[in-house]
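Subject: Structure handover: aromatic contacts

Dear colleague,

Please find the structure below, handed over for your use. A summary of the findings on its aromatic side chains comes after it.

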Amino acid sequence: MSGYNSAVLQELLDGCLRKNRRSQELLYKQFYGYAMSICLRYTRSREEGKEILNDGFLKIFTKLETYDSSRSFKTWLSRIMINTALDHYRQEVRRDIFDDMEAGEMVSVDETVISKLSHEELVGLIQKLSPSYRIVFSLNVIDGYTHEEIAEQLNISVGASKSNLSRAREKLREMLSKINIDNYDRVAR
């Protein structure tokens, strides 16, 4: 962030630490889009994403004194949103939906199909995955968690994490193939 934006952010954070409602509102509005994009990767619907987003901002406002201002605020906010989504997931989904088996073969996806999708379309496809596939896919592929970290976060085996990632990729590949076929059918008419 530039010096001006950094100073504005620090002023907002200071106001939030003083429980100033206007500062909280401005911080929320400033980071709403960024935070919502994170939440949507872990949910099935926009409404569920908003619920996680609001829970995440509540955590931010109540734990702001733990933020280390020498680090990126966006990174800290991102971690809180991801952890809030995982907490939500743990409450909503029973652990027995995870299969404890070794990962299947890695599935490749046609990059040209992906490059033609908008961000919203791609998030929409991810949201169609089952909760276990969606969470593992988002943690690994989008947020860069290792299978060991995912296994620890979700209290599953590393094999289950790998298996769910492989199956998520396969499901996405199937959905992308269907999009490709649908697009071909439209052009062929």
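The following paragraphs describe ring pairs, their surroundings and one charge placed over a ring. Please note that the model is predicted.

The count of aromatic pairs comes to seven. One of the pairs is formed by Tyr 28 and Tyr 32, whose ring centres are 5.7 Å apart. Their planes meet at 55 degrees, so this pair is classed as tilted, because the tilted class ends at 60 degrees, above which a pair counts as edge-to-face. Both tyrosines belong to helix α2 (residues 21-41), where a spacing of four residues separates them by about one helical turn. With a relative accessible area of 24%, Tyr 28 is partly exposed; Tyr 32 is likewise partly exposed, at 26%.

A further pair involves Phe 57 and Phe 61, with ring centres 5.9 Å apart. The planes of these two rings stand at 35 degrees, so this pair is tilted as well. Helix α3 (residues 46-63) carries both phenylalanines, which are four residues apart, or about one turn of the helix. Phe 57 and Phe 61 are both buried, whereas Tyr 28 is partly exposed, as is Tyr 32.

The two pairs also belong together: Tyr 28, Tyr 32, Phe 57 and Phe 61 make up one aromatic cluster.

Finally, there is a charge placed over a ring. Lys 74 lies over the face of Tyr 34, and its distance from the ring centre is 4.5 Å.

Yours sincerely

Notes:
Residues are numbered from 1 along each chain as its sequence is written. This is a predicted model: local features need pLDDT of at least 70, side-chain atom pairs count only at pLDDT 80 or more; totals for chains, interfaces and linings use all residues. Side-chain values use heavy atoms; hydrogens and water are left out. Rings of Phe, Tyr and Trp (its six-membered ring) pair if their centres lie within 6.5 Å; planes under 30 degrees apart count as stacked, over 60 as edge-to-face and the rest as tilted. Helices (H or I, at least four residues) and strands (E, at least two) are DSSP runs, numbered from the N terminus. Buried means under 20% relative accessible area, exposed over 50%, partly exposed in between (1.4 Å probe, protein chains only). A charge sits over a ring if NZ of Lys or CZ of Arg is within 6 Å of the ring centre and within 35 degrees of the ring normal.
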